Amino acid sequence: MKLKLYILLLFLIGKSFFAQNNYYWVGGAGSWTDLNHWRIGSSSGQTATIIPSRYDNVYFNSGSGFPASGSVTLTIPSSATCKDFIIDDSFTGKVNFPAGSIFNIYGNLKWKSNAGALYNMTMNL
């Protein structure tokens, strides 16, 4: 019985340690490290308390604050990381990634066909 409880406890701790969240970008142009640009669960969700990690999914959608024409700069520090990077079908506009940035995607990349990007960076998939 004790062994079953230990295994259950280990499972619950491991699950919460490696839990993933869905992060939504809001507010248009800005820095990846600015927590005011991240919402948890939806574009109208609560403000994130940490930036996305390799276990978290990142979404850009119509609530991300990008204009339909022109581009908005997403400033990535020396590197940024996420599990899945998803540009939703409702997204319009262009994302401008600064030169020299490194973007590590540990899961899937979904890019809407008419969403644009300006970049001179390294993207590791």
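Aromatic pairs are a good way into this predicted model, which holds 12 of them. A pair here means rings of Phe, Tyr or Trp (its six-membered ring) with centres within 6.5 Å; planes under 30 degrees apart count as stacked, over 60 as edge-to-face and the rest as tilted. A pair of aromatic rings is described by the distance of the centres and the angle of the planes. Take Trp25 and Trp38: their ring centres are 5.0 Å apart with 85° between the planes, an edge-to-face arrangement. Trp25 belongs to strand β1 (residues 22–25) and Trp38 to strand β3 (residues 38–40), so this pair ties together parts that are 13 residues apart in sequence. Helices (H or I, at least four residues) and strands (E, at least two) are DSSP runs, numbered from the N terminus. Trp25 counts as buried at 0% relative accessibility, and Trp38 is likewise buried at 0%. Buried means under 20% relative accessible area, exposed over 50%, and partly exposed in between (1.4 Å probe, protein chains only).

Now look at Phe60 and Phe91. Because their ring centres lie 6.4 Å apart and their planes meet at 80°, this pair is edge-to-face. The two rings link distant parts of the chain: Phe60 sits in strand β5 (residues 57–60), while Phe91 is in the loop between β8 (85–87) and β9 (94–97), 31 residues away. Phe60 is buried, with 0% relative accessibility, and Phe91 is buried with 0% as well. Step back and you will find one aromatic cluster formed by Tyr23, Trp25, Trp32, Trp38, Phe60, Phe66, Phe85, Phe91, Phe103 and Trp111.

Phe60 also leads us into the nonpolar core. Leaving aside residues up to four places away in sequence, Phe60 touches Trp25, Phe66, Leu74, Phe85, Ile86, Ile87, Asp88 and Phe91, where contact means heavy atoms within 4.5 Å. The largest nonpolar core has 22 residues, and those touching the most other members are Trp32, Val58, Phe60, Leu74, Phe85, Phe97 and Phe103. Such a core is a set of buried Ala, Val, Leu, Ile, Met, Phe, Trp, Tyr and Cys residues joined through side-chain atoms within 4.5 Å. Two or more residues of this core come from each of β1, β5, β6 (71–75), β7 (79–82), β8, β9 and β10. In soluble globular proteins, nonpolar side chains tend to be buried together.

How are the strands arranged? The protein has one helix and 13 strands, and the helix comes before the strands in the pattern α-β-β-β-β-β-β-β-β-β-β-β-β-β. One open sheet has six strands in the order β4-β3-β1-β5-β8-β11, with mixed pairing. Two strands pair if DSSP finds at least two bridges between them. At the edges are β4 (46–47) and β11 (109–110), each pairing on one side only. Within this sheet, β1 and β3 run antiparallel and are joined by three bridges; Tyr24 has Arg39 in β3 as its bridge partner.

Asn22, also in strand β1, is partly exposed, with a relative accessible area of 28%. Apart from residues up to four places away in sequence, Asn22 touches Arg39, Ile40, Gly41, Asn57 and Tyr59.

A second open sheet has three strands, in the order β7-β10-β13, with parallel pairing. Its edge strands are β7 and β13 (122–124), each of which pairs on one side only. Neighbouring strands here are turned by 15° against each other on average, direction ignored; the axes are lines fitted to C-alpha atoms, for helices over the stretch in contact, and angles run from 0 to 180 degrees between N-to-C directions. Three parallel bridges pair β10 with β13, and Ile102 stands opposite Thr122 in β13. Asn104 is in strand β10 (residues 102–105) and counts as buried at 15% relative accessibility. Not counting residues up to four places away in sequence, Asn104 touches Ser79, Ala80, Thr81, Cys82 and Asn124.

Finally, visit Arg54, whose charged end sits over the ring of Tyr106, 3.8 Å from its centre. Arg54 also lies over the face of Tyr55, at 5.9 Å from the ring centre. Sitting over a ring means that NZ of Lys or CZ of Arg is within 6 Å of the ring centre and within 35 degrees of the ring normal.

Residues are numbered from 1 along each chain as its sequence is written, and side-chain values use heavy atoms, with hydrogens and water left out. As this is a predicted model, local features need pLDDT of at least 70 and side-chain atom pairs count only at pLDDT 80 or more, while totals for chains, interfaces and linings use all residues.
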